[in-house]
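User: I am new to this structure and would like a close look at a single part of it. Please take the disulfide first and then the helix contacts around it in your account.

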Amino acid sequence: MNTKKTRSNTWRRVAGACLTVALGTSLAACAPADEGRVTLDFFQFKPEAVTEFQALVAEFETRNPDVDVVINAVPDPDTAIRTLLVKGKTPDVLTLNGNGNFADLAASCVFADLSAFPSASRVKPEVQDILNSLGTCHGSETNGLPFANNASAILYNPDIFAEYNVEVPSTWDELIAAAETFKDNGVAPFHLTLKDAWTVLPTYVNLAGNLKPAGFFEDIRSASWNPQTGTHGFAADGTEAAEKLKQLFGYRQPGADSDGYNDGNAAFAAGKSAMYLQGSFAIPAIRAANPEARIASFPYPTTNDPAETTLVTGVDVTLAMGRDTKHPKEAAAFIEFLMSSEAMKKYAEAQSALVPLKDTGSTTDPALAGVQDIFEEGRVIGYFDHQIPTSIPFTAMLQQFMLDGDTAAFLDRADREFAKAAARTSTKKGE
C-alpha cells in the first residue's frame with residue numbers, strides 16, 4: 001500500500017471540503033466540535049518580514065480561535081529547512097524563496113501538490129510558470145504558490161533625472177546616454193558595490209536572461225554537455241551580456257570595491273547617485289535609511305528594441321505545505337487566508353512587492369509604478385542564476401570578472417564549471 005499517496009489523497013479531500021467555506025468563516029464551521037486545538041508549524045524564511053507575518057498570523061488566529069500558528073523564523077533558513085527535512089520534520093506550512101534551492105526540495109516531493117487549491121487558479125500563469133519551470137515533484141505538480149514577487153529593475157531618483165532633463169531610458173543606447181549625461185555633470189550615474197559578490201547579479205541576470213538564445217539552459221544543463229559539442233555555451237552566446245555588464249560597472253565610483261550592499265542602499269537613499277542597479281527588494285532598506293528617499297524604477301533596457309524588454313521577476317515568497325502534514329485542513333485554510341487579496345496587498349504594501357494574482361490589482365507603491373505595466377502584461381522572465389547549480393560559485397566568478405575585466409576568462413570558466421556539473425549529472429544517471 002502506498003501510504004504517502006493515500007495520505008495525500010486524504011488531505012486533498014479534507015482540505016477541498018473545508019475550503020468551500022468562505023475565507024472569512026472560522027474553521028470551526030467545518031471541524032468537529034471535539035477535535036480540540038491544532039498547532040501549525042509555520043516556517044518563515046524572511047527576517048525582514050517578521051512583523052508583517054506576525055500580524056497576518058494574529059489575524060488568522062482571531063478568525064480561527066481553535067488554531068495556533070507557531071512562527072519558526074531562523075537566521076539561516078536554507079540550512080535549517082534541510083536539517084528539518086533530514087529529520088523528517090517537514091513544517092506544516094512554509095515560506096521559502098522561489099529559487100533553485102526551493103526547486104530542489106520540491107523535486108524531492110516533500111511538499112504537497114497545491115494545484116487543486118482555489119487560490120492556484122488566481123495566480124498569474126506566467127508567474128506560476130517561472131516557479132514551476134525550476135522543478136517540481138514528478139515534473140508535473142504545483143508544489144508552491146507565489147505569494148509575493150520582486151522586480152529586478154533599475155531604481156532611479158526622479159528629482160535628479162528632472163534636474164538634468166534626462167528621460168527614462170527605454171533602450172540600451174538611451175541608458176548609456178543617460179549615464180554619460182550624469183557623468184558629464186559631475187553626478188554619479190550609479191552607486192555600484194563590489195564588496196558583496198552577489199550585488200553584481202541583479203545586473204547580470206537581466207542582461208544574460210534577456211540576451212541568451214532560446215534553449216540555452218536546456219542544452220548546457222543536460223547530462224554530458226560540454227562547450228565543444230554543445231549547441232550553446234557561455235563563450236558561444238554570452239559575450240554581449242558580459243561586455244555590457246562590464247560597461248555598466250565601468251561607471252563605478254571610487255571605493256566601489258570596498259562598498260557593500262548596505263553602503264549602496266544608504267548612498268542611493270542620500271541621493272548620491274542618479275540610478276541604482278538593485279531591484280525592488282532594496283526599496284525597504286533604502287527607505288529605512290531615509291524615509292523621504294525619492295525612488296522610482298524602470299525595466300532594464302538590454303537592447304535597442306523596447307519591444308524586446310522583459311522584466312526579470314522572481315517569486316520572492318513562495319507558500320508551500322508539508323506533504324505529510326498531520327493537519328491538512330488547517331494548513332490549507334491558512335494558505336488560502338495568506339493567498340487572499342486582503343492579506344497579499346497588506347504584505348505587498350509593507351514590503352514593496354508585486355502581487356502575483358490576476359484579480360487583486362496593482363500595488364500602490366509609487367516606487368514600483370515604472371515596472372507595474374510590464375508585469376501586468378506578463379512580459380516577464382525568471383532569474384538567470386536560479387538555473388545555475390549551487391555547486392558553481394557563480395557570484396564569486398562575477399565579482400572577480402568585475403575586478404579584473406577579463407571577459408574571455410570569465411566565459412571560459414563558466415563553460416568549464418557547467419561541463420563539470422554536467423559530468424556529475426551524467427555519472428549519477430549512469431549509476
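Analyst: What follows describes the disulfide, then two helix pairs, and then one further helix.

This is a predicted model, in which local features need pLDDT of at least 70 and side-chain atom pairs count only at pLDDT 80 or more, while totals for chains, interfaces and linings use all residues. Residues are numbered from 1 along each chain as its sequence is written, and side-chain values use heavy atoms, with hydrogens and water left out.

Taking a disulfide as a pair of cysteine sulfur atoms within 2.5 Å, the count comes to one disulfide. Its partners are cysteine 109 and cysteine 137, whose sulfur atoms lie 2.0 Å apart. The link of cysteine 109 and cysteine 137 is right-handed, with 95 degrees about the S-S bond. The pair joins distant parts of the chain, 28 residues apart: cysteine 109 sits in the loop between α4 (100–107) and α5 (125–132), and cysteine 137 in the loop between α5 and β4 (145–149). Here helices (H or I, at least four residues) and strands (E, at least two) are DSSP runs, numbered from the N terminus. Both cysteine 109 and cysteine 137 are buried, a term for under 20% relative accessible area, found with a 1.4 Å probe and protein chains only.

The helix α4 also packs with helix α3 (residues 77–86), at an angle of about 10 degrees and with their axes 11 Å apart; axes are lines fitted to C-alpha atoms, for helices over the stretch in contact, and angles run from 0 to 180 degrees between N-to-C directions. That angle makes α3 roughly parallel to α4, the term for angles under 35 degrees, whereas those over 145 count as roughly antiparallel. Asp78, Ile81, Arg82 and Leu85 of α3 meet Asn101, Asp104 and Leu105 of α4 in this contact, where contact means heavy atoms within 4.5 Å.

Another pair is formed by helix α2 (residues 50–63) and helix α15 (residues 341–351), whose axes come within 10 Å and cross at roughly 160 degrees. That crossing makes α2 roughly antiparallel to α15. On the α2 side the contact is made by Glu52, Phe53, Leu56, Glu59 and Arg63, and on the α15 side by Glu342, Ala343, Lys346, Tyr347, Ala350 and Gln351.

Finally, in helix α17 (residues 394–404), the buried residues include Phe394, Met397, Leu398, Gln399, Phe401 and Met402. Glycine 405 follows α17 and has a positive phi, near 70 degrees.

Terms used: Buried < 20%, exposed > 50% of the residue type's maximum accessible area, 1.4 Å probe, protein only. Parallel < 35°, antiparallel > 145°, perpendicular 65-115°, else oblique.
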